[in-house]
Every structure is written in C-alpha cells, then in structure tokens.
Amino acid sequence: MTDQAVSVPRRESPLLRFVKGLALIRESWVGMIGLGIIVFWSLVAIFADILAPFPPNQPGLPLAPPGSASLDGLGVYWLGTDQLGRDTLSRIIHGSRQVLLYAPLATFCAYFVGIPMGLAAGYRRGLTDDVLSFIANVILSFPVLVLYIIIIATIGASGSNIVIAVTFASAPGVMRIVRGLVLDLRNREYVFAAETRGESAWRIMLVEILPNARGPLIVDACLRLGYVVITIGTLGFLGLGLPPPDPDWGGMVSELRQFAIVDPMLAVFPCIAISSLVLGFNLLADGLREVSLRD
Amino acid sequence: MLIFMVRRFGTMALTMLVVSILVFLLLEINVESVATKVLGPYTSQEQRELWLERNGYTDPAIWRYLRWLGNFVVGDFGDSVRFKVPVSDVLWPRLANTAILGGIALFIASIIGLTLGVIAGMREGGARDRGVSVGAVLTTSVPEFASAVFLSGLLVFTWPVLPGTSGMADGFDLVQLVLPVMVLVIYDWGYVARMTRASMAEVMMTHYIRTAVLKGLPYGQVIRKHALRNALIAPFTVIMLQINWLLSGVIVVEVAFAYKGFGSLLYEASLNSDIYLIEACAMVAVFVAVMTQTLADIGYTYLNPRIRFS
Amino acid sequence: MSSQSHSFDGPVLECRDLCISYFTRAGEIPAVIDFNMTLEQGGSIGLVGESGCGKSTVAMAIMRYLGGNGAIVGGQVLYKGRDMATFSEEELRQLRGNEIAMVYQEPMASLNPSMTLGAQLMEVPLCHENITEEEAYKRSRQMLADVNLPDPDRIMSVYPHQISGGQQQRVVIAMALLSNPSLLLLDEPTTALDVTVEAGIIELIGQIARKFNTSMVYISHNLGLILETCDRVNVMYSGVVVESGTVTEVFDHMRHPYTKGLFGCIPLPGADKTARPLVPIRGQLPLPHQRPSGCYFGPRCDFFQGGLCDRDDLTMTQVPNEPGHDVRCRRWQEIDWDSYHPEGVGAGETQAGEVVLSINNMKKYYELTDNSIAAMITGKRVRYVKANESISFDARSCETVAIVGESGCGKSTFAKVLMGLETATDGKVVFNGKDISQEEVQNRTPEQVGSMQMIFQNPFDTLNPSHTVGAQLARVIRKFGVESNKDRIEQRVMELLDLVKLPREFARRRPRQLSGGQKQRVGIARAFAGNPTTVVADEPVSALDVSVQAAVTGLLMDIQKTYRTTLIFISHDLSLVRYLADRVVVMYLGHIVEQGTTDDVFAPPYHPYTEALLSAVPIADTSVEKTRIILEGNLPSVTNPPTGCVFNTRCPRKIGSVCETEVPPVVEPTPGHQIACHLSMEDLRQMKPVIVMAEDAAPPAAE
C-alpha cells in the first residue's frame with residue numbers, strides 16, 4: 001500500500017484527509033450529538049480518577065438515596081450508593097473505563113477477523129466462499145446470547161474472555177457485510193484492470209477493493225460498537241461479565257435493582273449511562289450514513 | 001421450487017449437525033470437567049472416575065459424540081443435574097411459555113414496526129420520517145435490562161399498576177405478561193421499522209412507481225398495489241430473522257421478571273453448570289433459529305416472483 | 001378518451017418560455033431555461049442533446065412530475081390550449097396515462113417486478129374508464145397483439161423478468177397506447193436495447209404514429225433516431241434550445257455552431273479517417289451551476305467573440321425564409337461555413353506491418369457447475385456454455401481490428417482470454433510469436449502483460465476512486481518494470497499525462513474530480529504505460545457524450561499511430577467501426593459470421609446478420625437511403641444456442657432445413673473476406689447495398 005503513495009507529490013497526508021472526512025459530520029446535527037456523547041464518555045473515562053468523588057470500591061453508607069451526604073460529611077452521594085455503601089456516581093465514572101476499553105477492543109478484533117474472511121469469500125467465491133459462508137451461518141444461527149452463555153460458561157467470565165466471545169460471535173456478521181460489499185466492488189472495471197496487469201489477489205483485495213468499502217464499514221462499525229456495549233452490559237446484568245468488585249455498569253444494574261423497593265431510582269442511573277453511550281454510537285452511525293449519502 | 005426446498009432443508013440439517021459438533025466440543029470434550037459439573041466440585045477423584053467409567057465416558061470421543069447425537073435425535077437429552085428430572089420434562093413446558101411471550105412480542109413489534117416503517121418510507125425526509133427514525137434510534141439504544149428497570153421504576157414502584165415479577169405462581173396471568181412484552185417490543189420495533197422504512201423508501205424511488213403514478217393511478221392505489229407488495233418482501237425476512245434476536249432478548253427479560261420460560265431455564269442451567277440442560281437448550285434454540293431462517297428463505301422465494309419463476 | 005378535449009383543433013402541446021429549476025443544498029440550479037415548443041396534432045418533435053442538457057426534465061415537466069426538489073419557475077405548459085398549472089391534482093391524474101402517456105428509457109425498471117404484465121396493463125383502462133375486467137383484459141390483449149408481440153395470452157400472465165428487453169419495451173408501449181392518448185412522450189426508449197432490437201421498436205413507433213395519429217415528443221441523444229422518427233427537432237445544449245426547426249432544415253442547413261459541431265463529431269457514412277476526419281468539439285459540457293454568461297456554448301465555440309457572445313439576454317432569432325427555424329446565436333449570420341475547415345483528429349494514412357497477434361481456431365467453453373454445498377450433496381449438474389466457438393483471425397501492427405456484435409456475442413469473453421483472465425478451451429492465441437492461450441496472467445512475464453493492455457468501457461468505473469490518478473499510473477509503470485527509480489517513475493507519469501493531453505497537475509487529483517472524458521483519457525494513459533504492442537479497447541467511448549466521443553476516439557487513434565500499436569476495438573457501434581477500423585470481425589452468439597477489410601464487410605456481399613446490423617444502425621444523414629431489414633424474434637440464449645447456423649432462428653434469408661442442421665461453410669467471395677453462410681455464392685453476389693447515398697452527397701467511405 002505504501003508504494004502507491006510515494007511516487008507522486010501529495011498535497012494532503014492520509015491523516016489530514018481522515019480528519020477532514022471526520023469533519024464532514026458537522027453537516028449532520030444527529031451525528032454531532034452522537035459524537036458529543038461519545039467524546040463526553042471518553043473524557044469521563046480518561047479523567048475518571050479526577051472526576052470521581054470517591055474511590056469506586058470504598059464502602060460507606062449502604063443504600064443511601066441520591067443527594068445524601070457521606071458518613072464523614074465530606075462528600076455527597078449524588079446518585080446514591082449500593083448495598084455496600086459504594087458511591088454509584090464514582091462507580092459509573094470508573095465503569096466507563098471498562099466499557100470503553102472492552103467494547104472497541106472487541107469490535108476491532110471482530111473486524112480484524114471478519115474483514116479478511118469477507119474479502120476472501122467475496123473475491124475468490126466458489127468453494128472458499130461456500131466454506132466460509134457456511135461457517136458464518138452456523139455461528140450466526142445461535143441466538144447471540146445463547147452463544148455467549150455457552151462460551152462464558154465454558155471459558156469463564158473475564159474481560160479478555162468477553163473480547164474472545166464477542167469476536168467469535170460478531171466476526172461472521174462482519175464477514176457477511178464485507179462479502180456483500182466485495183461482491184459488488186469486484187465487478188468494477190478498475191479491479192478488472194488490476195487483474196489484467198497481473199496483480200496478486202491479496203493486493204487487489206486490500207488495495208483496490210477494501211478502501212472503497214470503507215464508507216459502509218465505518219457506519220457498520222459504529223452500530224456494532226453500540227451493540228457490543230449492550231452485550232457487555234447484558235452479560236454484566238446476567239452476572240457473566242467482569243468479575244467483581246471492579247465496577248461494571250451491567251453488574252451495577254443487576255445489584256441495584258434488587259433494592260428497587262427501597263429506592264427505584266438507584267438502578268436507573270447506570271441504565272441511563274449505558275443507554276446514552278449506545279445512543280451516542282447509534283446517532284453517530286446515522287449521521288455518518290446521512291453524510292456519506294449526500295455525495 | 002421443490003428442489004429449492006429440499007436443498008434448503010438439507011442445508012438446515014447440515015447446519016444442525018455442525019452446531020451439534022460445536023456444542024459437543026465446547027461442553028463435553030473435557031470429560032474431567034463434565035464429571036466435576038455433574039457430580040459437583042466436592043467429590044473425590046475416584047468417585048468421578050467411577051462415574052465416568054459407568055456412563056461410558058472412557059470411550060473414544062467420536063463414539064461418545066455419535067451416541068450423544070443419537071440420544072438427542074430421539075429426544076433423550078439426559079437428566080438435569082439441578083432439577084433431578086429428565087431434561088425434556090422441564091424443557092418443553094418452559095419452551096411453551098417462551099413461545100407465548102415471544103409470539104405476542106413479535107406480533108406487536110412487527111405490527112408497529114411495519115406500520116410506522118411504511119408511513120416513514122412513503123415520503124423520505126419528511127416530518128413523519130424523521131419522527132419515526134429518531135424514535136427508532138432512541139428505543140433501540142436502550143438495552144432490554146435498562147428498559148426493564150425504567151419501566152418497573154415507573155409502572156411498578158412510582159405508579160403501582162403492574163406486577164413487578166412475572167413468575168405466574170398462581171397460574172397463567174395475562175397482566176404479568178404486560179411488562180415483559182413491553183420491554184421486548186420497545187427494543188425490537190425500531191429495527192423492523194428502520195428496515196421497512198429503508199425498503200419502502202427504496203421502492204418509492206423506483207421507476208415502476210413513477211410509471212404507476214404517470215399511468216394516472218390514484219395515490220392510494222399506487223401505494224397499495226405497487227409499493228407495498230415490493231416493499232414488504234425485505235422486512236418479511238427481517239421479521240423472521242428477528243426471532244433469533246428475540247431469543248436473546250427473551251433470556252434477559254425472563255431473568256429480569258423471573259418469568260418461567262426457556263431463557264431463564266438456560267440462564268439457571270449455566271449458573272449451575274447443568275451441562276445436559278445447557279446442551280439441550282442450546283440445541284433447541286439453534287433449531288428454532290435455523291428453522292425460522294429456512295422458513296424466511298422459502299417465504300422470500302415465494303413472495304418474490306423474480307426468484308420464483310427462474 | 002375524454003371526448004370534450006378531442007374537439008380542440010389547436011396545437012396539442014405548447015411550451016411557452018418554460019423555465020425549470022432544481023433546488024438543492026447548493027441553491028437553485030436552473031435545468032431548463034426559456035424553452036419553447038409547439039406540437040400540432042399528429043406531429044412529432046425530437047428533443048436531442050447530450051447528457052444533462054435538460055431534455056428529460058422537459059418531459060417530466062410536461063407530466064408535472066418533477067420530484068420533491070424540482071419546480072417550474074417560469075413560463076407555461078399548455079395542453080390543448082389550457083395552462084397545466086390550472087389543473088387540479090385530480091384532473092392531472094385523469095390526464096396522466098389517459099391523455100398523455102409516456103415510454104421510458106429502461107423497460108425492465110419501469111415495470112413492477114412483482115405484478116403480472118396483464119395486471120399492470122389492465123390497470124390503465126380500469127382506472128380511467130368505467131369498464132369491466134373482461135373488457136380491460138380483451139383490450140390489453142388486443143393491444144399486445146397490436147405491438148407485434150407473439151402469444152399475447154402468455155405475455156398477459158407472466159412477470160416482467162420472464163420476457164426479453166425488447167419485448168418489455170413493447171409492453172410499455174402497449175401500456176402507453178391503451179387509453180389512446182393524444183400525446184406520447186418517449187424518453188430514450190431504445191437506449192438500453194441492442195441495435196437490431198432498437199430497429200424493431202423504431203419501426204413500431206413509426207407505425208403507431210401513422211395508425212393512431214398520436215402526437216409525439218421523442219427524446220434522444222442520437223441524431224439518427226430523431227431523423228427516423230420525427231418531423232421537427234429541438235437541439236438542446238446545457239438547458240437551452242440552441243436551434244429548432246424541421247428535421248430537414250436542421251440536418252441539412254444547420255446554423256448554430258453547436259449543431260454543426262455535433263454533426264462533425266458523429267461518424268457519418270461520408271466520414272473517413274484519412275479523407276474526412278471527425279472534428280471534435282473542444283472542452284466539455286459546463287456543469288449547471290458553472291454556466292458561462294451569455295452563450296453557454298461560448299467557451300467551446302470557434303466563433304466566440306468576447307464582448308458580444310458573453311453578453312446576457314441572448315434570444316432565439318428566426319432564420320429568414322425558413323419560418324419555424326430558429327437559432328440561439330448572435331453571430332450565425334456572420335459565420336462563413338464554406339471557409340471553415342477545422343482540424344480533424346486521427347488524420348493520416350497508416351501502413352499495417354507484420355502479424356502481431358494470431359488467433360487460430362480458439363474456443364472458450366464455460367462449464368456451468370453448481371458449486372454450492374447443497375448441490376454437492378444432491379449431485380453436480382454440469383452444462384457447457386460455448387462463449388467463443390472457433391475464433392480465427394490475425395491482427396498486424398498499427399492495424400485496427402474491430403470486433404462487432406450485440407450483447408451476448410462473446411466479445412467480452414474473447415477479451416478475457418486475450419488478457420489471460422481466462423484460458424482458452426482449445427486452439428491457439430499466438431502473441432509476439434508465443435502461444436498465450438493457456439497462460440494465465442499471473443504466469444505471463446511483466447513484458448508480456450505490459451505489451452497487451454486494455455481500455456475499459458465505463459469511465460465512472462475504470463479508475464479506482466480511492467487512489468490519485470498519479471498513484472494509479474505509477475503503479476502500472478512499476479508493475480511492468482518500465483521504470484523503478486522514484487523520480488523516473490514520476491517523470492514517466494507526467495509524460496503519460498502529456499500523451500493523453502491532460503494537465504500535469506491531474507496526477508494529484510482523485511477520479512471523482514475528473515469528467516467522464518478525462519477519466520477515459522487516464523484509462524488510455526494507463527493502458528499505454530507499459531509501452532504495449534497491442535491494446536484491447538472494449539467499447540472505450542460508448543458511455544461518453546457525442547462531443548467528447550470524437551475527441552477521445554481521435555486521441556486513441558493518434559497514439560496508436562505514434563506507437564504503431566495494434567488496436568483490437570470491441571464495439572457495437574457500426575458507424576464508429578466503419579470510421580476507424582481497418583478490418584472488421586462480426587460476431588453472433590460466440591461465432592464469427594463474417595470478417596474482412598472494412599470495405600469488404602460494409603459492402604455486399606454480406607452475411608445476412610451483417611446486412612441486418614447495417615440496416616439497423618440509425619444514420620443522421622437525410623441523403624442516405626436504407627433498406628429496412630427488421631430481425632424477428634429474440635436473441636437466443638448462449639446456454640442453449642440453435643443448432644446448425646446459430647443465426648437461423650432470426651435469419652430473414654434462411655434457405656431451409658439445412659440452416660438448422662448443418663454448420664455453415666466459410667466462403668470467400670474475395671480473398672480475405674470470409675462469410676459463414678449456407679447461401680450460394682450466386683445469392684451472395686446478388687445482394688444489394690443496404691446503405692445508399694444520394695448522388696449529390698460525398699462518396700461513401702466504402703469506396
């Protein structure tokens with residue numbers, strides 16, 4: 001890929017072009033809101049140590065209602081506490097780190113596996129396609145959560161296992177999308193031109209085809225990120241997520257909702273956190289799609 | 001058409017076969033852990049080995065697999081460790097409960113999704129379109145467990161109009177179904193609506209709609225006779241495939257509302273390492289999913305004359 | 001058939017100072033400006049122009065169907081004397097399909113894929129007239145018979161995809177005629193069809209006009225079709241009519257420099273690459289929001305005069321003594337056409353050299369196997385598709401060999417075998433002394449690959465949108481080992497851009513910043529990057545506008561002459577082939593039916609298929625007399641070709657059963673001119689020329 005770039009003087013570096021492309025999102029207010037939410041949570045995750053009023057695992061007044069003062073009177077439990085007296089706000093702030101680490105990582109891994117599979121299936125077709133598509137169909141025929149439960153039940157609950165499970169379950173979906181795009185793009189004349197000058201199959205897939213599929217793939221990645229956030233939350237809710245005591249949004253919901261009879265608001269806050277992040281990704285995807293369809 | 005159906009069912013059987021191998025490999029290839037799970041962690045090494053020997057676990061894996069598969073095909077899923085009864089005794093009633101919950105939710109979500117999708121797609125970019133799109137994005141961004149929390153916060157605790165759990169302890173009660181169905185519908189309708197909208201909007205842009213309008217047909221007739229038929233082919237498949245997603249959502253909802261269905265059964269089984277139950281649940285879930293996919297494909301072919309006659 | 005309006009005896013349709021605009025995010029974009037037209041009952045007007053000139057917009061405005069972002073911003077459309085702006089929605093609906101009907105460019109897309117054709121046809125009378133289903137069925141069936149469709153009952157009950165493109169268009173025409181409209185709008189009705197099918201549709205349209213006395217607006221980019229269908233013509237350029245008048249006036253005594261230029265660009269029978277070369281119009285069509293002030297054609301016009309032509313308020317002026325012949329030009333009276341001799345392109349004699357490419361009895365069969373897993377279980381099913389059957393011909397250096405045929409004739413497969421993307425099933429392809437028929441492109445040496453390159457058809461597809469022009473050219477140079485040093489490669493990229501007459505800074509541009517013609521030039525540069533001895537050009541100009549076509553064709557011929565390249569020119573456009581080819585190979589369903597020098601092929605004796613092809617080509621010259629030969633039936637499927645002579649199912653000169661049972665022999669009326677036909681040499685020699693020029697015209701190219 002690099003040798004394409006060097007021979008001719010370029011006005012713009014690829015990085016600059018990427019940033020410029022990203023700036024197009026300004027034309028869609030939906031996308032801007034989405035981007036805003038994501039940037040907000042990213043900042044929260046980065047500065048969690050500064051922003052959180054309490055250490056996330058520090059016990060205090062149990063099941064304190066939102067707005068009550070801590071035992072020593074030095075702080076306020078803005079969003080209340082859980083049954084061990086840990087501050088919900090601090091745990092949400094620290095929990096964003098887990099989500100924003102594992103969700104992008106898992107999505108990236110799914111693409112890393114799914115893209116080559118989709119390229120090979122769509123470009124080579126024939127037996128390669130049949131075999132790869134069949135494997136994908138088998139995995140996709142599991143209801144997702146059933147698959148997660150089996151995998152986690154087998155290999156145990158941990159951050160890296162979540163990444164493995166998400167990769168295993170999502171890569172076939174990525175493969176299908178890439179395959180569909182490649183089936184369309186492989187009939188373009190510039191691909192034909194590359195074939196007639198004897199380029200290797202992988203070069204054609206990676207240099208001639210893949211860059212032209214980037215638009216729909218970026219949109220899909222955003223949607224998938226949102227879905228992975230939901231998945232991680234759901235696994236946490238079912239007790240199959242990250243092992244305690246580190247804060248995990250889904251796990252917090254499942255703990256706090258048991259005390260809804262005491263105060264139904266306690267469980268609402270982590271739900272808002274997770275829903276807003278998913279919304280951010282979904283809105284960004286919508287905005288990107290809108291902008292890409294404009295020209 | 002017949003050849004197509006035979007082929008499609010052949011592929012389905014093959015998929016199930018591969019799925020069974022996968023499930024077997026994941027859960028039964030390590031006999032040590034099978035013994036631990038069945039007998040519990042506090043058993044001695046000798047006890048486990050004795051158990052393994054007695055239950056044929058010393059045979060080669062391929063033999064064990066074939067025997068396992070044979071039992072599965074005739075409906076013998078083994079005994080549940082947790083419930084101490086044959087798996088099929090617990091599985092089928094639970095599955096029926098889930099079918100009721102899922103069926104109602106799917107029906108309502110499809111009706112809402114299709115209607116709003118068609119309305120939104122009729123005039124792309126209009127006010128209705130934007131309204132539906134925004135609504136769909138908002139509701140599909142809320143995970144099932146979160147909307148369960150929101151809804152019970154509102155309808156169980158703040159204004160207590162609905163029961164907070166759906167255990168059906170005193171027999172079947174339709175009121176207890178309201179919250180679980182609502183949660184599933186909220187998450188699922190948006191997806192159907194978005195697909196329908198996209199399909200409808202695409203059809204409205206086609207030349208044959210222009211032909212129909214320029215033939216002088218009344219607008220209502222253009223929509224009913226020309227647009228809907230074509231626009232609803234794609235969402236049909238989506239709805240059928242949605243069953244697969246619904247099964248995931250059902251697990252969460254059943255756990256959240258303690259509904260005695262198939263999803264909570266699988267969940268309990270996994271928490272208790274009840275491997276025969278997990279296996280049975282997984283196989284049944286995949287069977288349902290693959291079956292709906294097959295029906296979706298056949299239905300799609302039937303609805304689409306371009307495939308039917310070629 | 002609402003009776004009240006039929007009594008009106010004025011013009012059926014009148015457009016007065018019609019202005020139509022589209023409203024986009026960038027603001028208002030005028031699509032049609034100051035458009036005037038009067039159509040009498042039974043008359044036919046052609047709208048002709050290149051893409052983006054606004055001709056289809058006019059038709060949609062007449063139908064009052066401009067979509068969400070288009071609107072009439074000035075002027076009027078009068079239907080039978082009544083301003084259409086005063087029609088209510090309901091009146092408009094009654095008008096559409098009943099009084100005004102339309103035939104569209106792509107018949108497949110215009111028909112609803114999930115309704116039977118019968119249901120779609122019956123809708124029209126059912127919705128406009130108060131009649132029963134049976135009556136509607138009878139009328140629809142009758143109309144299908146009237147548009148010469150065989151077996152109307154079957155057609156009524158099938159879905160659109162089950163019949164061929166030509167039949168689909170006949171159904172659309174039948175649908176338009178069902179309510180006996182007063183006005184028929186035809187928007188490029190044959191553009192998506194093969195030439196021989198097109199000829200049938202054009203004949204049908206002529207019959208309709210005579211039989212039903214329908215008024216027609218015929219929209220086309222093809223001047224030849226306008227000549228065959230219309231009595232008046234409006235030539236449009238960039239949203240305005242530049243010249244209007246009767247077809248004879250405009251075709252024989254055109255006054256506007258653009259009209260003149262347009263005729264200079266199309267290879268008429270009189271044109272000849274050595275004696276009367278094509279004259280391209282320089283530059284390119286302005287984008288709608290970048291139109292110059294004054295005359296829009298100004299920047300491309302040889303008679304442009306600053307201060308005069310770029311002044312605003314340019315109007316139509318009438319040509320004296322020719323009422324109804326109007327020209328939108330300030331200087332048309334000053335132009336002296338007799339002393340205007342613009343420089344043509346691709347001029348000059350060339351001499352063919354030694355044989356570079358020799359194809360001997362090459363065959364390419366495809367095996368159709370179902371590779372899906374399901375099929376493997378149920379057992380494989382294999383069929384053979386004979387894409388190419390016994391192809392033999394030679395090509396010499398500096399020679400242009402044209403391969404002519406309609407869709408499905410095997411042109412593309414042949415190109416793939418040449419390029420090494422497929423290997424031949426049998427026979428030899430000797431290129432520069434080596435048989436390459438079994439060498440896939442990966443096994444060929446970089447020199448071999450570089451010395452045979454290809455130019456593609458679709459300008460919007462030929463360059464990779466993700467890479468700059470320079471990067472794409474550089475890759476080819478490096479790949480073929482022409483240069484390896486970075487600076488030298490860049491130097492070579494610049495030379496290539498010079499070669500195709502593009503500015504050097506285009507190296508940094510991306511394909512979407514280029515126009516269609518410019519992209520095609522880059523495609524040519526790419527093909528010539530490896531100093532090829534042979535270039536295969538697959539319909540290189542057929543997707544371009546007429547005025548750009550000539551320039552690109554000329555460029556290609558210039559480069560070919562400079563490098564003494566062998567050019568394999570694949571095309572369906574016989575006029576262009578006659579203009580630039582030295583030798584012609586005519587293909588039908590994978591078989592070569594005729595080959596010889598261009599003069600041989602374009603003059604009798606012909607193969608009956610060549611004869612029909614020649615007759616089908618529309619020619620924009622009033623002095624040309626053509627014999628009408630309309631082929632019956634559909635193009636047979638390649639997977640199931642007819643036995644014996646493949647052309648026997650449609651051949652108007654079929655002798656008898658011998659055509660169905662025996663493969664025709666190859667006869668040579670003159671040395672080098674081969675015809676594969678059962679007709680006796682005597683019958684062949686008695687054939688009359690299909691195209692005859694009137695005596696006062698220029699001598700035909702074939703002499």
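A residue counts as buried here when its relative accessible area is under 20%. With that cut-off in hand, let us walk through this predicted model, starting with one strand of chain C.

## A covered strand in chain C

Strand β3 of chain C covers residues 44–48, and 5 of its 5 residues are buried. How are its two faces lined, and are they covered or open? Both are covered: Ser44(C), Gly46(C) and Val48(C) sit on one side, with Ile45(C) and Leu47(C) on the other, and every one of these residues is buried. The split fits a general pattern, in which the side chains of a regular strand alternate between the two faces of the sheet.

β3(C) also has strand partners. Strand β8 of chain C, residues 215–220, pairs with β3(C) in the parallel sense over 5 bridges. Strand β9 of chain C, residues 232–237, runs parallel to β3(C) as well and is joined to it by 4 bridges. Gly46(C) is a handy residue to find in the viewer: it stands opposite Tyr218(C) in β8(C), and its bridge partner in β9(C) is Val233(C).

## Chain B, helix after helix

Chain B makes a nice contrast to look at next. Its secondary structure comes to 14 helices and 0 strands. The C-alpha trace of chain B spans about 85 × 60 × 30 Å along its principal axes. Chain B has 310 residues, of which 52% count as buried. If you take the contacts in chain B between residues at least 6 apart in sequence, 72% of them join residues at least 24 apart.

## Where chain B meets chain A

Which residues of chain B lose the most area to chain A? First, the overall numbers: the area buried between the two chains is about 3700 Å², and carbon and sulfur atoms give 77% of it. On the side of chain B, Phe145(B), Val149(B) and Phe157(B) lose the most area, together 16% of what that side buries. The contact takes 43 residues from chain B and 38 residues from chain A.

Polar links are part of this interface too. There are 7 residue pairs in polar contact across it, counting pairs with both residues at pLDDT 80 or more. Several helices of chain B each supply at least two residues to the side that touches chain A, among them α1 (2–28), α7 (144–158) and α13 (275–303). The largest share, 9 residues, comes from α1(B). By class, this side of chain B has 32 nonpolar, 9 polar and 2 charged residues.

The count of salt bridges between chain B and chain A is 1. That salt bridge joins the side chains of Asp286(A) and Arg194(B), at 2.8 Å from N to O.

## Salt bridges within the chains

Side chains of opposite charge can pair when their charged atoms come close. Over all chains, the count comes to 46 salt bridges. Three pairs that each lie within one chain are set out below.

| Pair | N to O distance |
|---|---|
| Asp220(A) and Arg224(A) | 3.1 Å |
| Arg8(B) and Asp297(B) | 2.6 Å |
| Arg255(C) and Glu322(C) | 2.9 Å |

What separates Asp220(A) from Arg224(A) along the chain? The two are 4 residues apart in helix α11 of chain A (residues 214–237), so about one helical turn lies between them. Asp220(A) is buried at 11% relative accessibility, and Arg224(A) is buried too, with a relative accessible area of 18%.

The pair in chain B has a longer reach in sequence, as the salt bridge between Arg8(B) and Asp297(B) shows. Arg8(B) belongs to helix α1 of chain B and Asp297(B) to helix α13, so their pairing ties together parts 289 residues apart in sequence. Arg8(B) is buried, at 16% relative accessible area, whereas Asp297(B) is partly exposed at 29%.

In chain C, Arg255(C) and Glu322(C) form their salt bridge from two loops. Arg255(C) lies in the loop between α11 (247–252) and α12 (257–265), and Glu322(C) in the loop between β11 (317–318) and β12 (326–327), so the pair ties together parts 67 residues apart in sequence. Arg255(C) is partly exposed, with a relative accessible area of 21%, while Glu322(C) counts as buried at 16%.

Finally, salt bridges also link Arg197(A), Glu199(A), Arg203(A), Glu208(A), Arg475(C) and Lys479(C) in a network.

Notes:
Residues are numbered from 1 along each chain as its sequence is written. Chains are lettered from A and ligands numbered from 1 in the order in which they are written. This is a predicted model: local features need pLDDT of at least 70, side-chain atom pairs count only at pLDDT 80 or more; totals for chains, interfaces and linings use all residues. Side-chain values use heavy atoms; hydrogens and water are left out. Contact means heavy atoms within 4.5 Å. Buried area is the accessible area (1.4 Å probe) that two parts lose on being put together, summed over both. A salt bridge is a side-chain nitrogen of Lys or Arg within 4 Å of a carboxyl oxygen of Asp or Glu. A polar contact is a pair of N or O atoms within 3.5 Å; within protein, one must be able to donate a hydrogen and the other to accept it, and residues adjacent in sequence count only if both atoms are side-chain atoms. Ala, Val, Leu, Ile, Met, Phe, Trp, Tyr, Cys and Pro count as nonpolar, Asp, Glu, Lys and Arg as charged, and the others, Gly among them, as polar. Buried means under 20% relative accessible area, exposed over 50%, partly exposed in between (1.4 Å probe, protein chains only). Two strands pair if DSSP finds at least two bridges between them.
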